[in-house]
Amino acid sequence: MPCQTSGELKLLVKEAKRYTKDGKVADYIPELGRANPDDLSIAIHYPDGRCISAGDIDKKITLQSISKVISLAFVLMDRGFSYVFERVGMEPTGDPFNSIAKLETMAPAKPLNPMINAGALVVTHMINGDSVEDRFHRLLGFIRELADDPAIGYCEKVARSEYETANLNRALCYFLKQHQIITEDVEELLDLYTKQCAIEMNCLDLGRIGMIFAMDGRDPLNGKQIMPEDVARICKTFMVTCGMYNASGEFAIKIGIPAKSGVSGGILGAVPGKFGIGIFGPALDEKGNSVAGIKLLELLSKNYKLSMF
Ligand SMILES: NC(=O)CC[C@H](N)C(=O)O
């Protein structure tokens, strides 16, 4: 029986919060460095519309790498599976998310998976539309529908801060352009990618998006299939194999919940057939995952037997 009350969640947050001091806020995107390392919040969304939560749930976070799993779903719907997977692979790398190392050793030079930066840049490149604006608003519309929140927008400051400093991502783009995996202007792609990563929401919205993935792409509250079942399945599989960067194996063993993290300290979780989870805890471990967020998921998974394995 999963966690049923906000009171139960509060106790788990209290316990996990002790670990925030073991992590550090990401500051390679300068604007993210302003987050409070002590923050920790969680929301769980059930398919019957119930939502329980604990911590400072009004705080907003930018999605960062969490956006990668959503843009993947969107592009799979836009372009179809074979087009997408001709340009990005399906295998975990075991490397940090921003690593450039494997690209040069692969032939063809397509990125190994859509959850590392190289792969996510290719995915963003594949978003259809007439302009960066149009492509961004199409993706944003999809995210608003998943969260059932038309007020979701993006944080201009964080987007600009990343755009101005994203030289490693620029290098990845130029490498991919040299190999014709991407064909558009690199600055335009970075503009779109950094806006995508800066899409901002609270953990209630995040938990609701997790619930849609958990329910195979269907919004159980209005009966609408927002993404095809196969797309949701593929996304959840990537969440298991590569969602927590090069800590995904250990996370699968210890916790066993499809999840995707971001350097802002967010974690999106989808317990198949049961519920969605949104977590915000900006203090990160050395691999870039929310240190207290992982602890919280570990407690939840153990206490309520949530591992899918
Ligand atoms: N791991 C992350 O969340 C990385 C996302 C970030 N926008 C980047 O590209 O560096």
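The following exercises, each with a worked solution, concern the predicted model shown above.

**Exercise 1. Establish how enclosed helix α5 is, and identify what covers it.**

Step 1. The residues to inspect are those of α5, and the buried ones are Asn-117, Ala-118, Gly-119, Ala-120, Leu-121, Val-122, Val-123, Thr-124 and His-125.

Step 2. Burial requires a relative accessible area under 20%. Since 9 of the 9 residues of α5 are buried, the helix is largely enclosed by the rest of the structure.

Step 3. The cover over these buried residues includes α2, α3 (81-87), α4 (101-105), α6 (132-147), α8 (167-178) and α9.

**Exercise 2. Describe the packing of α5 against α9 by angle, axis distance and residue content.**

Step 1. Two packed helices are described by the angle between their axes and by the distance between those axes.

Step 2. For α5 (residues 117-125) and α9 (residues 186-197), the angle is about 105° and the axes are 10 Å apart. The range from 65 to 115 degrees counts as roughly perpendicular, so α5 is roughly perpendicular to α9.

Step 3. The α5 side of the contact consists of Asn-117, Ala-120, Leu-121, Thr-124 and His-125, and these meet Leu-189, Leu-190, Leu-192, Tyr-193 and Gln-196 of α9. By class, the residues of this contact comprise 6 nonpolar and 4 polar, with no charged residue.

Step 4. The spacing along a helix can be read against a general rule: an α-helix has 3.6 residues a turn, so residues three or four places apart point the same way.

**Exercise 3. Determine the strand order of the five-stranded sheet, its edges and the helices lying across it.**

Step 1. The order is β2-β1-β10-β9-β8, in an open sheet with antiparallel pairing.

Step 2. The edges are β2 (51-55) and β8 (259-261); each has a single partner strand, so one side of each lacks a neighbour in the sheet. From one strand to the next, the twist averages 10°.

Step 3. At one edge, β1 and β2 run antiparallel and are joined by 5 bridges. His-45 is placed opposite Cys-51 in β2. The hairpin of these two strands has 5 residues between them, among which Gly-49 adopts a positive phi near 100°.

Step 4. At the other edge, β8 is joined by 3 bridges to the antiparallel strand β9 (residues 266-271). Here Lys-260 faces Leu-268 in β9.

Step 5. Helix α1 (residues 6-17) lies across β1 (41-45) and β2, at about 30° to β2. Helix α2 (residues 66-79) lies across β8 and β9, at about 50° to β9.

**Exercise 4. Analyse the three-stranded sheet in the same manner.**

Step 1. Its strands follow the order β3-β5-β4 in an open, antiparallel arrangement.

Step 2. β3 and β4 (153-154) are the edge strands, each pairing on one side only.

Step 3. Between β4 and strand β5 (residues 199-201) there are 2 bridges in the antiparallel sense. Gly-153 has Glu-200 of β5 as its bridge partner.

**Exercise 5. Characterise the surroundings of Ser-65 and Tyr-245.**

Step 1. Ser-65 belongs to the loop between β3 (61-62) and α2. Its relative accessibility of 6% classes Ser-65 as buried.

Step 2. The Ser-65 side chain forms a polar contact with the Lys-68 side chain at 2.8 Å. Beyond four places in sequence, Ser-65 touches Asn-117, Tyr-245, Lys-260, Ser-261 and Gly-262.

Step 3. Tyr-245 is located in the loop between α11 (229-242) and α12 (248-254), and is buried at a relative accessible area of 7%.

Step 4. Outside four places in sequence, the contacts of Tyr-245 include Ser-65, Phe-97, Lys-260, Val-263, Lys-287 and Asn-289. Tyr-245 and Pro-92 lie 153 residues apart in sequence, with a C-alpha to C-alpha distance of 8.5 Å.

**Exercise 6. Decide whether Lys-236 is buried or exposed, and find the backbone oxygen that its side chain reaches.**

Step 1. Lys-236 is part of helix α11. With 9% relative accessibility, Lys-236 is buried, because the cut-off is under 20%.

Step 2. The side chain of Lys-236 reaches the backbone oxygen of Phe-213 at 2.8 Å.

Step 3. Not counting residues up to four places away in sequence, Lys-236 touches Phe-213, Ala-214, Asp-216, Pro-258 and Ala-270.

How values were computed:
Residues numbered from 1 in each chain as written. Predicted model: local features only at pLDDT ≥ 70, side-chain atom pairs only at ≥ 80, totals over all residues. Heavy atoms only, no water. Axes fitted to C-alpha atoms, helices over the stretch in contact; angles between N-to-C directions. Helix = DSSP H or I, 4+ residues; strand = E, 2+ residues; numbered from the N terminus. Parallel < 35°, antiparallel > 145°, perpendicular 65-115°, else oblique. Contact = heavy atoms within 4.5 Å. Nonpolar A, V, L, I, M, F, W, Y, C, P; charged D, E, K, R; others polar. Pairing = 2+ DSSP bridges. Buried < 20%, exposed > 50% of the residue type's maximum accessible area, 1.4 Å probe, protein only. Polar contact = N/O pair within 3.5 Å; in protein donor to acceptor, adjacent residues only side chain to side chain.
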